[in-house]
Every structure is written in C-alpha cells, then in structure tokens.
Amino acid sequence: MKRLFLFAAFALVLPGTTYIYGQNMHVSANLLDYLNLGTINGEFGLSTAPNWTFYIRGRYNPFTFQFNDKQVQNRVAAGTIGVRYWFWYSNSGWFLDANLGCARYNTGGIIDRYAYEGDAVGAGVGVGYAFMISSRWNLNVGVGLQGGYTSYTKYGCPACGKVLGKYEGGYLIPSNIMVQLLRVL
C-alpha cells in the first residue's frame, strides 16, 4: 500500500514543474456519510500538478442501533486512494475521479430484513463539481460508479446470526455520492 501511494503521488507530478506546496493540500469530510448512521470519514489530498489532485480517504462506522425491536447497522471500515482531474484547476469547478478501494462491511436491517458481512475490493470512476465558498473552503458534490469483487455471508437478520449462505462474485454499484466540505490548507 505504501509503495502504491508513493508511486501514484510521484507519477502525477509533471516533469519540470514544481506544484507541491502547503497551500495545495486539502482535508475534507463527506457530510452525507454522517447521515449514513454516523459513518466517520475523512480525506486528505495533495495537488500534484495544476489540474491533478491525489487523495486518500477513510470511512469507519462501528455503530449498531436498536429501533423498537429492530436492529439496524451499516458498520464499515474502508479505505480509498484516487486521483481527480480538474478541468479548470485543482479544487475548482468540474472534476473527473478515478479510485481504488477496499472495505470490510457488516450491514443489515436497512433495506431488507437480512444482514450481510464481508469484504470488497474494487475500482471506481466519478464526476463532480466544486463550489468555491471562499479562498480556502469548497463544497464538493459528486457521484460515481464502482465495480469489483465481493465475498460475503448472508444472515437471516442482523441480530440472530442464522447463516443463509456464502456468496462471492462481481458487483457494480453507485458509489462516492458526496456532499463534501473541503478545506484547502
């Protein structure tokens, strides 16, 4: 992982340019993730050229909720590395996104009565727009599509532990739906 991070960071630096400065770093949080049963999240990014940013993002949700007699959970530990190409310049206007990620999840009781616990790895693409609120603050909105491989166990309900089967295979899902508050450092 460390080698992949270093390779991606240096591969995006254009020959003969020096764009890595402190003011070209950013930190952000996806506000929609907090609405997803309190998922804690954060992103750190670095501008590596006038139109390119490299980022690393993490998401974590350890919470299980009880509503009357129903258990609801969307526990996840996930990491993503990616790049964004900005059509105007870094952290401004329209962008395209490409990323690689992995996750360990345990979700249930939200859409149906079943629970699912497993691992996923995949790659995604996305598009978005950054609204510049001030010289240091942005509001990014975006959506993406992710595909990859998952292996999971299906349970009868989030609390009972009755195994209904084990599954593995490919997936294609909407992802990276974001309303992100971003602070340029």
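**View 1. Asn91 in the loop between strand 5 (70–86) and strand 6 (93–108).** The model shown is predicted. Asn91 has a relative accessibility of 5%; because buried means under 20% relative accessible area, Asn91 counts as buried.

**View 2. The contacts of Asn91.** With residues up to four places away in sequence left out, Asn91 touches His26, Ser47, Thr53, Trp86, Ala130, Met132, Asn138, Leu182 and Val184. Among these contacts is Trp86, and strand 5, which precedes the loop of Asn91, spans 70–86.

**View 3. Cys102 and Cys157, two partly exposed cysteines.** The relative accessible area of Cys102 is 45%, and that of Cys157 is 24%. Both values fall in the partly exposed class because that class lies between the buried limit of 20% and the exposed limit of 50%. A disulfide is a covalent bond between the sulfur atoms of two cysteines. The structure holds 0 disulfides.

**View 4. The elements of the chain, from the N terminus on.** The secondary structure consists of 2 helices and 9 strands. Their order is α-β-α-β-β-β-β-β-β-β-β. Strand 5 (70–86) and strand 6 (93–108) flank the loop that contains Asn91.

**View 5. Burial, contacts and accessible surface of the chain.** The chain has 185 residues, of which 40% count as buried; Asn91 is one of the buried residues. Of the contacts with a separation of 6 or more, 59% are between residues 24 or more positions apart. The accessible surface amounts to about 10400 Å², and carbon and sulfur atoms contribute 66% of this surface.

Terms used
Residues numbered from 1 in each chain as written. Predicted model: local features only at pLDDT ≥ 70, side-chain atom pairs only at ≥ 80, totals over all residues. Heavy atoms only, no water. Helix = DSSP H or I, 4+ residues; strand = E, 2+ residues; numbered from the N terminus. Buried < 20%, exposed > 50% of the residue type's maximum accessible area, 1.4 Å probe, protein only. Contact = heavy atoms within 4.5 Å. Areas by Shrake-Rupley, 256 points an atom, 1.4 Å probe, with all protein chains shown as cover. Disulfide = S-S within 2.5 Å.
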